[in-house]
Amino acid sequence: MKYFILTTILFSQLAFAELSIKLEQPQLLLQQISGVDLGITPKLHDSERQFQQLINDSLKAENYLSLLNQLNAKQKIETMSAAMAYLVGQLALQQQQPKIAAQYFEQAIKRQPNYGKAYHGLGLTQLQLKQSVAATMSFSKALQLGVRDPQLYSYLGYGYIQSKNFHSAVVAYQQAKLFNPNDQQLNQALLYAYTLAGQSEAALSLLEQMLVDHQDDKSLWLHRANALLNKQQYILAIASLEAAIRLGENNQDNLALAAQLQLQHGSVGRAQQLYSRIWRNHNNPTLVLEAVEYLMASNQLNSAKNLLKKMKLRPKSPAYLHSQLAYLSGRLAQLKGSMLQAAKAFERSIRFNAVNGQALLALAQVKRAQQHSHQAQMLLLRASALDQVKLAALTEHADLMMSLGRYAKALTLLQQAASYAPQEHSITENIKTLRRMISQGNS
């Protein structure tokens, strides 16, 4: 007799974990302090003129820390003029004391609200204190007040990136580039801003210029790969990633993305090489296990087998890894029709990790195929206690009960599944169907 089989919810189609190219952020590069930058404008108070010679001599000798300590010791911040507060703020900034520097720049602004360079200095301290939104406001104010330091636009762009205002960062870096069109670090920062703003065409255009003179810069090839991925030009993206890898790129996520793209759009053999490298050199086996599952889901069983062979574990490796490798070996045997071999592998997987839900569910399905219904039921009861496979275990168990003619039990299991996943429309429909069947059987 052929039984009505419920639509079961099995493993969802495997999808890789979301990966993206890892790009280095632009760095905040502060200019070295200089006597010109520390020019005393506006003027010192009369009471502060006694320090003029000390200031000039110390700046000439580059005794910045000594000068900072002496000026702090001789005056209170509340009494300082805008000029003196700005000077001490710059000294504190140069000595990597941004909290102290911010207090002095704020004093300078309090004394003279239209002091543009004080806003400039305050913005730098705010960047170092990771107050990026406040920093962009300070830099914008400095520009409004007439400060025309080319570096200011770079700082503004950096602040916008830190505050995730990427389109504004592009504008700021473009302005900075007008002053320094051949500055490689500035081009890198603008490229990063283009990338995060999603301006792939602009990024590719700038990259063409930069790669002419810097073909050995792996970061440029990573940026190029990222822009091409955004345009869904996967073959060209693979070529750029591979160029970066040849130049020494070893970030595990970038290697994994290259391998993933090779699996889906390029060479399975090359993907296996990359995954083997990740397995050997990086502590992230999940990436490689996902690749094996993808190959099996794509019916590339020989490729999955070859990759599995390269995944050697030491006896003292974590039990969950031994369990997952045994599970994958069982799945491979199951897909090839070797049920006895599959059962042994799944049992080995469960011995390593008694709560491997995938192995419990897979072994239950093998036991059902072998007509060992009671063993299958016991395995499904264990699996249904695990959130990882609870829904699949409940629906599989309901299907088993249906095949045995135990409709009331099947209905109870489906109702449990519906309460666990009320969004699953197919379960609701199967409950209605099963109720009609029970009603017809009782009439």
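1. Helices H13 and H15 are roughly parallel to each other, because angles under 35 degrees count as roughly parallel, over 145 as roughly antiparallel, 65 to 115 as roughly perpendicular and the rest as oblique. Helix H13 covers residues 252-265 and helix H15 residues 285-297; they pack at an angle of about 5°, with their axes 11 Å apart. Axes are lines fitted to C-alpha atoms, for helices over the stretch in contact, and angles run from 0 to 180 degrees between N-to-C directions. Helices (H or I, at least four residues) are DSSP runs, numbered from the N terminus. On the H13 side the contact (heavy atoms within 4.5 Å) is made by Gln-252, Asp-253, Ala-256, Leu-263 and Gln-264. H15 contributes Leu-287, Ala-291, Tyr-294 and Leu-295.

2. A note on the source. This is a predicted model, in which local features need pLDDT of at least 70 and side-chain atom pairs count only at pLDDT 80 or more, while totals for chains, interfaces and linings use all residues. Residues are numbered from 1 along each chain as its sequence is written, and side-chain values use heavy atoms, with hydrogens and water left out.

3. Helix H3 (residues 82-94) packs against helix H4 (residues 98-111) at an angle of about 160°, with the axes 8 Å apart. H3 and H4 are therefore roughly antiparallel to each other. Residues in this contact include Tyr-86 and Gly-89 of H3, and Tyr-104 and Phe-105 of H4. Tyr-86 and Phe-105 also belong, with Tyr-115, to a cluster linked by ring pairs.

4. The structure holds 5 aromatic pairs (rings of Phe, Tyr and Trp, the last by its six-membered ring, with centres within 6.5 Å; planes under 30 degrees apart count as stacked, over 60 as edge-to-face and the rest as tilted). One of them joins Tyr-327 and Phe-346; this pair is tilted, at 5.9 Å centre to centre with 35° between the planes. Tyr-327 lies in helix H17 (residues 319-335) and Phe-346 in helix H18 (residues 339-352), so the pair links distant parts of the chain, 19 residues apart.

5. Tyr-327 counts as buried because its relative accessibility is 2% (buried means under 20% relative accessible area, exposed over 50%, partly exposed in between; 1.4 Å probe, protein chains only). Phe-346 is buried as well, at 0%.

6. Leu-54 is in helix H1 (residues 52-61). At 23% relative accessibility, Leu-54 counts as partly exposed. Leaving aside neighbours within four places in sequence, Leu-54 is in contact with Leu-67, Gln-70 and Lys-74.

Technical notes
Helix = DSSP H or I, 4+ residues; strand = E, 2+ residues; numbered from the N terminus.
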